Amino acid sequence: MRYIIMVGYFKDLALIIIAAKLFGLGAKKLKAPQVAGQIVAGLLIGPSVLGLVQESEFLVVMAEIGVVLLMFSAGLETNLKELLKTGPVAFCIALAGVFVPLAGGTLLYSCFYGFSEIGSEGFFKALFVGTIMTATSVSITVQTLRELGHLKGRVGTIIMSSAIIDDVIGIIVLTFVMGFKDTDSKPMDVIIKTLLFIVFSLCVGGLIYFLFKYLDKKFFHQRRIPIFGLALCFIMAYFADAVFGIADITGAYVAGIILCNLRDAEYIAGKMDISSYMLFGPVFFASIGLKTTLDGFNFSLLWFGLAFVAVALITKIIGCGLVSKLFRFSNKDALKIGVGMMTRGEVALIVAQKGLACGLFAPEQFTAVILLIICSSIASPIILKLLFKGENSSDHADSHPDYDETDEVYAEV
């Protein structure tokens, strides 16, 4: 029986890799980011269309590893000086990116299902819909910015920093909203654990950096450095989630930040890209399409879903874009930041699933969240590419020698 199950997994992986590659190349031919093609591939072979691949626990784990590796690579490629310089600005943008969608989603639910008194169950359901809209999927934007060569620029760094902070604030908001439903929940615990994780990262991160600096000097450009780096990535992801209650992708990103100033940082990132490009990346992006199901969907839910998508996208652009303007970004750069922040992904799914578990979100409304993830994941990369069109890359021009630059998106780092 176990053998039969494993054989089924091999079939699923083969279909995902082939479909993701073909649709990724098709998207590239159409001048669209390959990420968008991989998501469409997952939608096509998933249960909603052809039904060739079904979501399984195995694929969920593979996708989670994929996003962790992607965030680790993003941390490795981060300009730490620029990150520290843009920190206060990113925090303000993230605040707007949370509270404007929170208000917009609450108002949207109230318009469709009626306004309720503050403190009633209907009010908290409306508030929860807004909470779902607060999350930003940093992974899809990261891959798009890497493909366009603008991950390390000021705008790319602002988007990265804001998205990470955005998710932390969003998790805190989720805990407060859940606290009204579950009396055992303690929202202050999340705030305290978040602060403790920051302190832990600063203290332990400094020690780890000097250890790796010593290893890097002794074993420069040897494969043991990327191996130790990968272990650090998984350790930080584990500690972030299991010990501090923070998203594992945040821990992976911090691990990359710790190592980003090493001489071998680019070498480590290149080795990480091998796994991402060959297997984990396609599985992660295709898994977004695989999650889509149209069971029980009707015209009433269709209108709610379309409005849900529109409000979620527009409120991110308005909130993040307007605050960016306050910090003297140009209109075009402010729009880039707003568009970069509007993608939704794994965090939105986690939030929605929490709502299903505690009765704050109806199962039939879950399709609206999937619709938001797919629309934002496809639209954001395409719009960002149009906004960056004609601009010189702000990242290093040289690519990793491990890949063919004319073929693979992961080579364009």
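Modeller: Let's start with a word we will need: a residue counts as buried when its relative accessible area is under 20%, as exposed when that area is over 50%, and as partly exposed in between. The model we are looking at is predicted.

Biologist: Thanks! Why is Asp 166 called buried?

Modeller: Its relative accessibility is 0%. The cut-off is under 20%, so Asp 166 counts as buried.

Biologist: What makes Asp 166 and Lys 316 a salt bridge?

Modeller: A salt bridge needs a side-chain nitrogen of Lys or Arg within 4 Å of a carboxyl oxygen of Asp or Glu. In this pair the closest N and O atoms are 2.6 Å apart, so the pair fits the definition. The two partners come from distant parts of the chain: Asp 166 is in helix 7 and Lys 316 is in helix 12, 150 residues apart. Lys 316 is buried too, because its relative accessible area is 0%, below the 20% limit.

Biologist: Why can such side chains pair at all?

Modeller: Side chains with opposite charge can pair when their charged atoms come close.

Biologist: How many salt bridges does the structure hold?

Modeller: Three. One of them joins Lys 336 and Asp 333, with the closest N and O atoms 3.2 Å apart. Both residues sit in helix 13, three residues apart, which is about one turn of the helix.

Biologist: Why is Asp 333 called partly exposed?

Modeller: Its relative accessibility is 22%. Partly exposed covers the range between the 20% and 50% cut-offs, so Asp 333 belongs there. Lys 336, at 1%, counts as buried.

Biologist: And what makes Lys 11 and Asp 12 a salt bridge?

Modeller: Their side chains meet at 3.1 Å, N to O, and the limit is 4 Å. Asp 12 is buried, with a relative accessible area of 8%, whereas Lys 11 is partly exposed at 41%.

Biologist: Now to the helices. How do you know that helix 5 has the expected span?

Modeller: Helix 5 has 14 residues, which at 1.5 Å a residue should span 20 Å. Its end C-alpha atoms are 20 Å apart, so the two values agree.

Biologist: What makes helix 5 largely enclosed?

Modeller: Ten of its 14 residues are buried, so the rest of the structure largely encloses helix 5. Among them are Ala 126, Leu 127 and Gly 130. Those three are also touched by Thr 106, a residue of helix 4.

Biologist: Is Thr 106 buried or exposed, and how do you know?

Modeller: Thr 106 has a relative accessible area of 14%. Since buried means under 20%, Thr 106 is buried. Its side chain also reaches the backbone oxygen of Leu 102 at 2.8 Å.

Biologist: Tyr 113 is in helix 4 as well. Why is Tyr 113 able to join a surface patch?

Modeller: A patch residue needs over 30% relative accessible area and no salt bridge. Tyr 113 has 40%, so the area condition is satisfied. Tyr 113 makes a nonpolar patch of about 600 Å² together with Phe 112, Phe 299, Trp 303 and Leu 306. Helix 12 gives the most to this patch, with three residues.

Biologist: To finish, what does the whole chain look like?

Modeller: The protein chain has 15 helices and zero strands, and buried residues make up 54% of its 413 residues.

How values were computed. Residues are numbered from 1 along each chain as its sequence is written. This is a predicted model: local features need pLDDT of at least 70, side-chain atom pairs count only at pLDDT 80 or more; totals for chains, interfaces and linings use all residues. Side-chain values use heavy atoms; hydrogens and water are left out. Helices (H or I, at least four residues) and strands (E, at least two) are DSSP runs, numbered from the N terminus. Buried means under 20% relative accessible area, exposed over 50%, partly exposed in between (1.4 Å probe, protein chains only). A polar contact is a pair of N or O atoms within 3.5 Å; within protein, one must be able to donate a hydrogen and the other to accept it, and residues adjacent in sequence count only if both atoms are side-chain atoms. Contact means heavy atoms within 4.5 Å. Patches are made of residues with over 30% relative accessible area and no salt bridge: like charges are joined within 9 Å, nonpolar side chains (Val, Leu, Ile, Met, Phe, Trp, Tyr) within 5 Å. Accessible areas come from the Shrake-Rupley method with a 1.4 Å probe; for residues, only the protein chains shown count as cover. The expected span of a helix is 1.5 Å times one less than its number of residues. Lists of a residue's contacts leave out its neighbours within four places in sequence.
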